[in-house]
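Reader: I would like a close look at one part of this model, the open sheet in the first chain, and then at what else can be said around it. Please keep it plain.

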Amino acid sequence: MRVPVEWLKQFVPVQASAEEIATRLTMGGLEVEGLETAEEVYHRALREGCSEEVAHAAAALAPVLDVYVTPNRGDCNSVIGVAREVAALYNLPLTLPHIPPSVEGDEAARQTSVQIEDLHACPRYAARLVRDVRIAPSPVWMQARLLATGQRPINNVVDVTNYVMLEMGQPLHAFDLDRLEEGRIVVRRARTGEVLRTLDGVARTLAPDMLIIADARRPVAVAGVMGGADSEVDEVTRNILLEAAHFDPRVVRRTARDLGLRTEASYRFERVVDPNGVRRAADRACALFVEIGLPLAVPGVVDVYPNPMRERTVRVRVSRAAQLLGMEISCTTAMECLQRLGLTAAPDGNDSLQVTVPTFRPDITLEEDLIEEIGRVHGYENIPETLPIGATTQGGDSAEGRFLTTLRQHLVQCGLQEVTTHSLTPPFPFDPPEDVTRRVMVRNALSAEISVLRRSLLPGLLDVAHHNVKHGVTAMGLFEIGRVWQNEGEAGEVVPAEHLAVGGLVVGAFWPSGWQKEGAPPVADFGTARGIVERLCAGLGIPELKCLPPDAQPGSLPQFHPGRTAWIFLGDAGPAGVVGEVHPRVSAEMRLRDRVYVFELRVDALQNAIPPEGPRYLPLSPFPSVVRDLAPRIPEEVPYAEVDAAVRAAEAPHLEHFYLTDLYRGHPLPEGLKSLTLRFTFRSTERTLSDADVNDALSRIRTSLETRCRATFVA
Amino acid sequence: MADTIDQMVRDAEAAMEAARTTADLNAVETRYLGRNKGLNELRRSIGTLPPEERPAFGARLNAAVAALTEKLAARRAELEARELQERLAVERVDVTLPGRPMPVGRLHPLTQTADQIKRVLIGMGYEFVDGPELEDYAYNFAALNYPEDHPAMDEQNSFFVTDTRLLRTQTTALQGRVMAHRRPPFRIATIGRCFRYEAVDATHHHTFHQVDVFMVDRGIGMSDLKGTLGAFARALFGHDTQVRFRPDFFPFVEPGVDYAIAWKGRWLELGGAGLIHPSILRAYGIDTEQYSGFAFGLGVERIHMIQTGVNDLRLYLENDLRFLRQFGHFI
């Protein structure tokens, strides 16, 4: 809302500078977002196409306050509304314009009629008639005030309606009376198929739930939003019907939204206009018509208002105000604060005030609302700082938060950089075709770029890799923890499920070798990605991790290299995630030249794989361990998982742990064979193991490898 | 025979003196003191002596062995010290060369800031609770006192995926979820991602992160809110930080304020706050005559921007490593 300071001063004798008023209003709850200088107003007026004279007159009203009005304060969408706040904050009197009141009925009622079919949507409609008008430009002072507040002058009649709207907050509309069929008004819902050409020249098809103003035959305005072009006041207009009405805010809001048409009128009606100010606004317009040389209105007003809104009474306890505000407040101070706002407050017992709330303040319904008014007029700067006194509460992070902190620690320790990428993404072109219906889509997406809720963290990680490669980084290790979504509904139904995922990406020599080449880690490969997953599981105390090739599980992974990808299993549940090389087609699409390795796991799968009982102490053996190697040669096609399973199946006594220390192919091995070196550590908790003990254990392992993996051993 | 001992001792001493390395010395030791060698070889010839001479010869031999052993140890110590000295001299490296690079893992700056916020609030007795990012309309708006079709929602343009589910526009959506099954007193906080339909520029984004804090207890007033915000802001921004209230409107608080902190001579608006609206408390069966509470919210990005001088919101989701690597420090 633009408020010229000179117009404000018409209603409140404020002496302070515009800057000071702006600060006071802002600190009182009406945020002044800007101050327009005379020069700025002058140039804006010229840009609007007005004359030098009008531009000068508009500039003379400056500075102009640009006030942001919160949605609960519809009463401040007018110069008088803002003046009332200024009066309250500065404790100054508010002087309202003198308006000669009209008489209900009279000649006007003989010449026209108003019929309201939906009193909920339109609780009040007042019409006044003015005959023999001569349409001309309005006087310079009026055009100047309109321009200063951002309204373009049109003609004397329309300018008066806009002027009253700006001054009092009540939108008005003037119809060309002679173009209204039977010269009367019907307020009703639109009928299916009805079309109205609005003032902006657009023919709009109306829907049956929209409230319209009609004459005897057809719609002539969208109620509270915009008038129709056919009944517009123009240079040939002789007689007018002036509308002042009250419409239900939600009805106006829905209609405006459905038509995609937001106007100064709909903006105000959505934020509630005072129903009891309707006739006063019509009368004010008629007084202004006379003031600018138009004829006196036809005596009387047609005012349909069967259920007048009564003023509300709200009680406030001063002691409660003091407690909720946390500052000392006397009964007198509280009463004075409320009265300054135009509320009527009277003592009711020694702690309470009985407050009558005018209908222009529909936002005040509760004791707490009055307490806020007392507080802000008294000044929030008077509130001291205290800390809550009360029961001790146990603070702490959530279980999820604690788990994610641990997860992050492990991944950071692997040398990965945490990233946070978009949840709203474009459709990922490499989603498995059977999963396209699993996407959760934004219904009202304005752009494909933010139309899908991510199903996976991988596209985001690839984006980050792409961005950084573009900026010259060739090696990196990244991870992200975030929510992903999947549609679990069948047959077109949308049942979105949300879960947390952890994903990582490695590319290039993300462990840089520096100048010391010897012993340096190689460029990231499948083993790097898998090693990070293993490291994570080990760190979390997950006892079992299995990686199996893609065909071990239904579901395709077209975004991955088919030969360098594995489902990750943690225990007996279904797959917990995937680790592998990004398919060369995907890398090419993302313009990544190096091989990219990624992993992604469900966080709940990790959590569920941790033994719930927590760690238990096992006594440490005082006896020495024995370390032995075995070097089975096995056929190329036998995967290591089977070797691992064969060793475990042997149930060799005293086997503490074992691991693979070498994998060899080539001369002198025959084609189709690979040689593994496995290192076993044996230890007993009861005694020092003998050679016989260890040989027995090893021979069991050998036998198991021979039978299960077709292993051979060189003597 | 005795002369032979003397001769052998003299030879051994000369050989020790001549030894240049511990390896040489070991050879000397073997030659003169080894099993059946040198002096020990002489010991075997003891049987050829007349019995009366044997004790004296044995004694002399033992004394010679003992003396030689002692001298050998001394000489060994000397040589070892010298050899160590030489080895250390040879092994010298250029310590001014860079070390083997270790990859540095870092948390995203928003995680670092969230952790910092958590530490402060947990210290003040707040319990963190997580809510879904894809939220029910009921919790995001209706439970927070937003009337249907109200202009207050204009500032919260939402991403809907069904009629009733949307990406939360504010972490405040958690309040209803918590109050539905908690009795006061409680102090709750949450941090998470929020979404609003906004054109993206340096200060606006459709995706951002928010902290929401709320508590209910007996006798809570605006001064408790101001004090708590003061303590919170001083923990984040330094001990002389001031807090200022300005009336503002949010449907879920009454009175509602916008709060700002004084930072390097300017007032910076941080977020919205107020006393939890009595209609909300009553909707969850909390007696507003007994209990009241406050709530405040703020942006995680905003805090980090103030602390570090970042001036473009978009950097947080862009993940340029040159940006991320600037924030690996303890905060």
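Author: What follows starts with the sheet, goes on to a helix residue and the cysteines of the same chain, and ends with the second chain.

The model is a predicted one. In chain A, an open sheet of 5 strands runs in the order β4-β7-β10-β11-β12, and its pairing is mixed. The edges are formed by β4 (114-116) and β12 (226-227) of chain A, each of which pairs on one side only. Strands of a sheet pair through backbone hydrogen bonds, and the sense can be parallel or antiparallel. For β4(A) and β7 (residues 185-189) of chain A the sense is parallel, over 3 bridges. Within this pair, Gln115(A) stands opposite Val186(A) of β7(A).

The domain assignment divides chain A into domain 1 (2-90), domain 2 (106-304), domain 3 (313-382), domain 4 (399-609) and domain 5 (626-709). The centres of domain 2 and domain 3 of chain A, taken over C-alpha atoms, are separated by 37 Å.

Now a helix residue of chain A. Ser266(A) sits in helix α10 (residues 264-270) of chain A. With a relative accessible area of 0%, Ser266(A) is buried. Leaving aside neighbours within four places in sequence, Ser266(A) is in contact with Gly224(A), Val225(A), Val252(A), Ala256(A) and Leu261(A). Gly277(A) lies 11 residues from Ser266(A) in sequence, and the two are 17 Å apart in space from C-alpha to C-alpha.

The cysteines come next. Over all chains, the structure holds 0 disulfides. Cys122(A) is in no disulfide, and the nearest cysteine sulfur, that of Cys286(A), is 18 Å away. Cys122(A) has a relative accessible area of 0% and is therefore buried. For Cys414(A), the closest cysteine sulfur belongs to Cys537(A); the distance between the sulfurs is 11 Å, so they are too far apart for a bond. Cys414(A) also counts as buried, because its relative accessibility is 11%, and the cut-off is under 20%.

The remaining points concern chain B. Chain B has 12 helices and 9 strands. Its radius of gyration is 42 Å, whereas the globule rule gives 20 Å for 331 residues, so chain B is more spread out than a compact globule. The C-alpha trace of chain B spans about 130 × 45 × 45 Å along its principal axes. Of the 331 residues in chain B, 55% count as buried. Among contacts in chain B between residues at least 6 apart in sequence, 65% join residues at least 24 apart.

One helix of chain B can be taken by itself. In helix α10 (residues 300-308) of chain B, the buried residues include Val300(B), Glu301(B), Ile303(B), His304(B), Met305(B) and Ile306(B). An α-helix has 3.6 residues a turn, so residues three or four places apart point the same way. After α10(B) comes Gly309(B), whose phi is positive, near 85°.

The last residue is Thr162(B), in the loop between α6 (137-140) and β3 (165-167) of chain B. Thr162(B) is buried, at a relative accessible area of 14%. The side chain of Thr162(B) reaches the backbone nitrogen of Arg165(B) at 3.1 Å. Leaving aside neighbours within four places in sequence, Thr162(B) is in contact with two residues of chain A, Arg443(A) and Val494(A).

Methods: Residues are numbered from 1 along each chain as its sequence is written. Chains are lettered from A and ligands numbered from 1 in the order in which they are written. This is a predicted model: local features need pLDDT of at least 70, side-chain atom pairs count only at pLDDT 80 or more; totals for chains, interfaces and linings use all residues. Side-chain values use heavy atoms; hydrogens and water are left out. Two strands pair if DSSP finds at least two bridges between them. Helices (H or I, at least four residues) and strands (E, at least two) are DSSP runs, numbered from the N terminus. Domain bounds come from an automatic or database domain assignment. Buried means under 20% relative accessible area, exposed over 50%, partly exposed in between (1.4 Å probe, protein chains only). A polar contact is a pair of N or O atoms within 3.5 Å; within protein, one must be able to donate a hydrogen and the other to accept it, and residues adjacent in sequence count only if both atoms are side-chain atoms. Contact means heavy atoms within 4.5 Å. A disulfide is a pair of cysteine sulfur atoms within 2.5 Å. The radius of gyration is taken over C-alpha atoms; the globule rule is 2.2 Å times the number of residues to the power 0.38.
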